[in-house]
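Please look over the model below before reading on. The numbered points follow it.

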Amino acid sequence: MPAQDFARAEQLGFEQCARAMQQLLRNAPPGWAFVLLVAWEPIGPRPLLIWLAAAAVLWLLCQLQLHRILARGAQRERDANALALAAVLDGASWGLCAWAVAGHSPVLDAWLIILMCGVGAISATAYLTHLRAYAWQLGAYWLPLAASTAWQGAPAWQLTAGSLLFYVLLFWLMRPVSARLIEGLRLQIDNERMAQQLRENLERKAHEAATDALTGLANRRSLDQLLDAWLQRPPTQEGLAVLMLDIDHFKAVNDRHGHGVGDATLKTFAERVRAQLRSSDQCARYGGEEFCVLLPGATHEKALEIAERLRAAVASQPLLSEPLVDNTVSVGLAWMAEGDDAATLLQRADAALYEAKRSGRNRVVAA
Ligand SMILES: Nc1nc2c(ncn2[C@@H]2O[C@H](COP(=O)(O)OP(=O)(O)OP(=O)(O)O)[C@@H](O)[C@H]2O)c(=O)[nH]1
């Protein structure tokens, strides 16, 4: 995992670098204006305008290259060379400035070195999370300066050597900072992954704690909570009907066919009951072969109709065909009355169920 996280952090750093380069490019035109301001008099318009045109073209190509990289999702593996090219275009637009300006006068050279070092330092902020591109930028930036001053002798070569020293030092100092940034991104990814795992674990545990493992229905604990929540709501006109369902002679299924078939029967029973209900109705396994259904908003007639429908759905078709299990179900029905708490309501439904069993099973009895 950590190795993957590291690769992901480098990828994030790569994306950030591409975006930061886009922002950095917005600062170039004021820099160009500064060059025109200090060099117009001593050099004259021609070389400056030629440089400006070239710089603008390179700047535009760099923008297009960055746009292309970001538009297709900036993948470090795939786009590293493309970003290096963008960095070269960025660097060269300033490198050509040095080509045009260096060696005319000591004062202008002093301005130039301030500009070159300043642009190098400002650019560093954008390239911090992907230093490889920065190396390309600095190279493209410095080489035209070196080429233009190589044969001019002092003080021009001092400008070349001084700026090289500055860039090497800057690059060297940036390495640990960049490594710390990538490490920070890696930790952030690591934390996000752990938080996600924790969230998933919590959700799974919460689901397990509320669900009956065999049937997938809500369990008794969850039903009690639902019922409590319902009873604590502010009073409304909406009523609540509770059905208690108990499979008739279920013990015989276990005794005759074993627990495995008993479990399969419980599952089929749960599915059949669930299929008869609306999604707003709640169905829970109350324990053993006893199930409970909450019907919010059901009128007395409607609740009786649903209870009868459930009974008929079980009686009309065997629960299992191989081996044949064709047990029926008894249903006790109770409606919420004023002052009821969860226990009283369930007791009334249970008493009605008992009456259904006592009076012959496979029937619905209302409390
Ligand atoms: N296979 C299986 N059996 C269960 C499970 N939970 C409870 N039982 C069985 O369900 C049976 C319940 O039997 P009883 O309470 O005697 O009732 P019954 O045979 O259904 O008879 P009546 O309810 O009176 O119609 C017992 O044999 C329990 O062992 C379960 O999760 N799986």
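**Notes on the model**

1. Start with the contacts. Of those in the chain between residues at least 6 apart in sequence, 73% join residues at least 24 apart. Two residues are in contact if their C-beta atoms, placed from the backbone, lie within 7 Å.

2. This is a predicted model: local features need pLDDT of at least 70, side-chain atom pairs count only at pLDDT 80 or more, and totals for chains, interfaces and linings use all residues. Residues are numbered from 1 along each chain as its sequence is written.

3. The chain has twelve helices and five strands. These are DSSP runs (helices: H or I, at least four residues; strands: E, at least two), numbered from the N terminus. Of the 367 residues, 34% are buried, with 20 or more other C-beta atoms within 10 Å of their own, C-beta atoms being placed from the backbone.

4. The unreviewed UniProt entry lists "transmembrane region" for residues 48-70, 82-102, 108-127 and 157-174. Such annotations may be inferred rather than shown by experiment. Residues 108-127 are 100% helix and 0% strand, with end C-alpha atoms 28 Å apart. Residues 157-174 are also 100% helix and 0% strand; their end C-alpha atoms lie 25 Å apart.

5. Which residues come nearest the ligand? Of the 16 around the ligand, they are Asp248, Phe250, Lys251, Gly262 and Gly288. Near means a C-beta atom, placed from the backbone, within 6 Å.

6. Strand E1 (240-247), helix H9 (250-257) and helix H10 (259-275) each supply at least two shell residues. H10 gives the largest share, four residues.

7. The shell around the ligand divides into seven charged residues, five polar and four nonpolar. Asp, Glu, Lys and Arg count as charged; Ala, Val, Leu, Ile, Met, Phe, Trp, Tyr, Cys and Pro as nonpolar; the others, Gly among them, as polar.

Methods: A residue is buried if 20 or more other C-beta atoms lie within 10 Å of its own, exposed if 12 or fewer, and partly exposed in between; C-beta atoms are placed from the backbone.
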